[in-house]
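These are my notebook entries on helix packing and nonpolar cores, written down in the order in which I looked things up.

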Amino acid sequence: MYFSSVREPWDEATKKTVRCTKTPVGRRLVVGVDSCPDISRRPAEASGKCPLDHSTFTMMRPMMTNPDVVSFQSLGGIRGLAEMGRFKAWFLDQFGVLHDGKNPYPGAISTLENLAKTGAKMVIISNSSRRASVTLEKMRNLGFDPSLFAGTITSGELTHQYLQRRDDAWFAALGTSCIHMTWSDRGAVSLEGLGLQVVDDVTKADFILAHGTEALGRPNDAVLPMKFEDLEKILEQCAAKGIPMVVANPDYVTVEARALRVMPGTLASKYEKLGGEVKWMGKPGKIIYDAAIKLADADPLHCIAVGDSLHHDIKGANAAGISSAFVACGIHSTELGLGSFAEVPDASRVRELAYRCDAFPSYVLPAFTW
Ligand SMILES: [Mg+2]
C-alpha cells in the first residue's frame, strides 16, 4: 500500500481526493502536503504541483514505524546533482561541510569552483554567531574565494538585523538591557550599533543574548571568561526572573579540527528546560531559510541545502520544504562509525540516525566533493 493515511490528499483544483501512485511506501499524510516521490521534500505549508510533476499537493510525514522507511539517494559527490541543473540555489553550511574551523576540507574549494561554473547561486547559510562580513572574511582567510558566493546569511547577522530594526513585534518589546553570553578565546562579538546596555546583574536585565558559551559580557565592553556550568547558574536566575533569550547560534555543538565544542544552542536548550522563552535565530528555524531564499531570489523547489547536522541542516531544510544533502563526515561522523575523511557511510546506519533525529535528507554524501 502506498499510504497509511490519516487523511487523503485533497486536490483543490478538482475538489477531489487524489492519490499519487509514486508516493513512497510508508509515508503518512497529515494535512495537505506534497506527495512527491522525493520524500525529503516535505513542505510544511505549501501548495502547488510536485516539481517532478507527479501529483498535486498534500502534506506528508514519514511513518515512524522503523528506520527502513527512510529513503535517500547516496552519492559519491555533487557533480551529478550540479550538472542536472535542477538546483539553482545551493545553501551551504560551512563548519563540517566546507571547513572544520581551521582548514578547508579536501576538495571543498575546487568543488565550489566547479559548482559556480554550472551557474548555481551559492549562499553560505550558517549558525555562526558572527556577522556575515566576518564569516566571509574568515572564508577568505581559509582560502575560499568570497566572490563565488551570492551572499551569506548567519545566525549572528539575522540577530543583529532584528535587534537593530526592531520592526518585529517580539523584538520591539524586548527592552535594551541584556545579559550577554559570548566568546572569550574565540573573540567577543561586538554589539556596536544596537543601542544595548550589557549588564552583569540579572535583576537589571530585560533579556539574555547568547552569542557564545565561554564568557559573560561586562558593562564596560570587557568579557569575563566563565565555565559553562557557571553560565548555567546565571540561566537559572534569569529563568526565575522570567526574561526571554535570543540565541544567535542555535547549534548544540560544532566540529573544530575533529573535536566537538559546546555551542549556544545548548544554553538555549537548557533555558527552555528551565521554562524560559527562547527565540532561535538560525537553523533549523524557517527564519534563516526564508532569508536565504529571498537573498538567492529562487523558487524553493529549486533550492537545496547542504549540511552535516541532521538536527539543524536537514531538519531545517525539511521544515522549509526544500531538498537537502547530508554530509556524513561532519558532526555525526562518530555516530556513523566513520574513521576517516570522505569514508562512505553505511546506508543502514544513516537511516537509523535520520529516523532517530526525525530528519530526512534527499541525498547523502561522504563529503562535500565534486
Ligand atoms: Mg555544520
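**Helix pairs and cores**

I began with helix α9 (residues 310–320) and helix α10 (residues 347–357), which in this predicted model pack at an angle of about 75 degrees, with their axes 11 Å apart. Since angles of 65 to 115 degrees count as roughly perpendicular, I therefore entered α9 as roughly perpendicular to α10. Looking up the residues that meet, I found Leu-310, His-311 and Lys-315 on the α9 side, and Leu-353, Ala-354 and Cys-357 on the α10 side. Sorted by class, the contact of α9 with α10 has four nonpolar residues, one polar and one charged.

Next I turned to helix α6 (residues 228–241) and helix α7 (residues 264–273), for which the packing angle is about 40 degrees and the axes are 10 Å apart. These two helices are therefore oblique to each other, and I noted that α6 passes α7 in a right-handed crossing. The contact is made by Leu-231, Glu-232, Leu-235 and Ala-239 from α6, together with Leu-267, Lys-270 and Tyr-271 from α7. I divided the residues of this contact into five nonpolar and two charged, with no polar ones.

I then asked which members of the largest nonpolar core touch the most other members. Among its 55 residues, the answer is Phe-91, Val-123, Val-306, Val-327 and Leu-365. Helix α8 (residues 286–296) contributes the largest share of this core, five residues. Apart from this core lies another, of 29 residues, including Leu-216, Val-223, Val-246 and Met-281.

I followed Val-123 further and, leaving aside neighbours within four places in sequence, listed its contacts as Ala-89, Phe-91, Leu-92, Phe-149, Ala-150, Gly-151, Thr-152, Ile-153, Ala-292, Leu-295 and Ala-296.

My last entry concerns Val-97, which lies in the loop between β6 (89–92) and α2 (108–117). Is Val-97 buried or exposed? I counted 27 other C-beta atoms within 10 Å of Val-97, and because 20 or more are enough for a residue to be called buried, I entered Val-97 as buried. Not counting residues up to four places away in sequence, Val-97 touches Leu-92, Val-306, Gly-307, Asp-308, Val-327, Gly-330 and Phe-368. For one of these, Val-327, I also looked up the C-alpha separation from Val-97, which is 6.6 Å, although the two residues are 230 residues apart along the chain.

Methods: Residues numbered from 1 in each chain as written. Predicted model: local features only at pLDDT ≥ 70, side-chain atom pairs only at ≥ 80, totals over all residues. Axes fitted to C-alpha atoms, helices over the stretch in contact; angles between N-to-C directions. Helix = DSSP H or I, 4+ residues; strand = E, 2+ residues; numbered from the N terminus. Parallel < 35°, antiparallel > 145°, perpendicular 65-115°, else oblique. Left-handed = near helix turned anticlockwise from the far one by under 90°. Contact = placed C-beta atoms within 7 Å. Nonpolar A, V, L, I, M, F, W, Y, C, P; charged D, E, K, R; others polar. Core = buried A, V, L, I, M, F, W, Y, C linked by C-beta atoms within 7 Å. Buried ≥ 20, exposed ≤ 12 C-beta atoms within 10 Å, placed from the backbone.
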